[in-house]
Structure formats: C-alpha cells, structure tokens
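Here's a quick walk through a few side chains and one helix. Have a look at the model first, then read on.

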Amino acid sequence: MEMIELLRARRSARSFKDEPVPGEMIDLLKEALVRAPTSRDNRPWEFVFVDDRNLLAQLSSAKPHGASFLRDAPLGVVILADETKSDVWVEDCAIAAITLQYQCESLGLGSCWVQIRMREFAAGISSEKRVKELLHAPDHLRVACIVAIGFRKRKARETSFDSLPHDRFHTNGF
C-alpha cells in the first residue's frame, strides 16, 4: 500500500473485536517503533506492550475522558521516554506513535492515540503519574501517550478530498 493510501485510510478506532493481535503482527509493530526517526538518533523512547485485560482496564481510567476504549482493546502500547536523553523527547514519542499507527493501518489493524502527558487522573494527580504507577516505570521516564490497537469492529468512515482543509496551504508566506 502506498503511503498516501495509508493516509487516506487511517482513522481512529475506538471499538475493537475481541480478538488478540497475532504475535507476528506485534513483531512488525515493534520493528516499526524502533525504526521511527528521532532527533540526532538519540532514541530516548521506551515502549510497554500491554495485553493483560486487567491492566488495560486500569490504564483506561488513567484520565477521566478519552481513554475508556482501552478497556476493550486487545493491545495497548505505552510510549515513554527518558527526557535526559533528548530535549525533544515529546516530538520523538509523537513520531514513534504515528509511525506505529500507520504500521497498524498497513496490517489491517485499527488504533487510537490516548494523550497522557499533561492530563490529570484526579485532583492533584497526573495521568502520567498514574500510568507510571500501574507499569512500575522508573522515575526518570516520562509518559507521552498510549496507543490502543486491535482489529476494528466496524469499517472506518472515509473523508473526501474536497472536505479537507485546503485553506491551510500557503506559498512563500501568508
């Protein structure tokens, strides 16, 4: 599949079939993640693959809104980074996450990003702290996001070319 086809096809998936992601697909997802570009090739990220249903349910409540679908996902990938290795760890994690999502699409899997960084679990407790507690993550790591992954329950709605925001393009300035 050409890249433009992946771009056209990818939509967030928030409902998944009750079917595990096969090991050979997981291996390809892992390869895609470690091939994601990073600033100065620092590779500050770490990835936690979660397929334990109880842990996915706990992660789904790491923030009050926008994570509940993790409960029914057969797989979640938590993307963390060592901020001492790179001052652009947030960008490096975002690049890894979207690389993962396009790899999912190429394999016929759906995915959806769950923002964790700068979100709140409960009054005075960050979503990041909650996720780190659940994963027993080392203190020096920061949590950027979680990507929910699985086989889609329903086909994604396509977006027409004409409905795209063409007014966002400028040439040689505004």
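## Arg142 and its partners

Arg142 is partly exposed at 23% relative accessibility; that label covers values between buried (under 20% relative accessible area) and exposed (over 50%), using a 1.4 Å probe and protein chains only. This is a predicted model, where local features need pLDDT of at least 70, side-chain atom pairs count only at pLDDT 80 or more, and totals for chains, interfaces and linings use all residues. Residues are numbered from 1 along each chain as its sequence is written, and side-chain values use heavy atoms, with hydrogens and water left out.

Which residue pairs with Arg142 at 2.6 Å, N to O? That's Glu128, in a salt bridge (a side-chain nitrogen of Lys or Arg within 4 Å of a carboxyl oxygen of Asp or Glu). Glu128 is buried, at 9%.

Glu83 also forms a salt bridge with Arg142, with the closest N and O atoms 3.2 Å apart. Glu83 sits in the loop between E2 and H4 and Arg142 in strand E6, so the pair ties together parts 59 residues apart in sequence.

## An exposed pair

Glu158 and Lys155 make another salt bridge, at 3.6 Å, N to O. Glu158 is exposed at 63%, and Lys155 is exposed at 70%.

## Helix H2

On to H2, residues 23–34 (helices are DSSP runs of H or I, at least four residues, and strands are runs of E, at least two, numbered from the N terminus). Its buried residues are Met25, Ile26, Leu29, Ala32 and Leu33. Down the axis of H2 they fall within an arc of 120 degrees (taken from the directions from the axis to the C-beta atoms), so they line one face of the helix.
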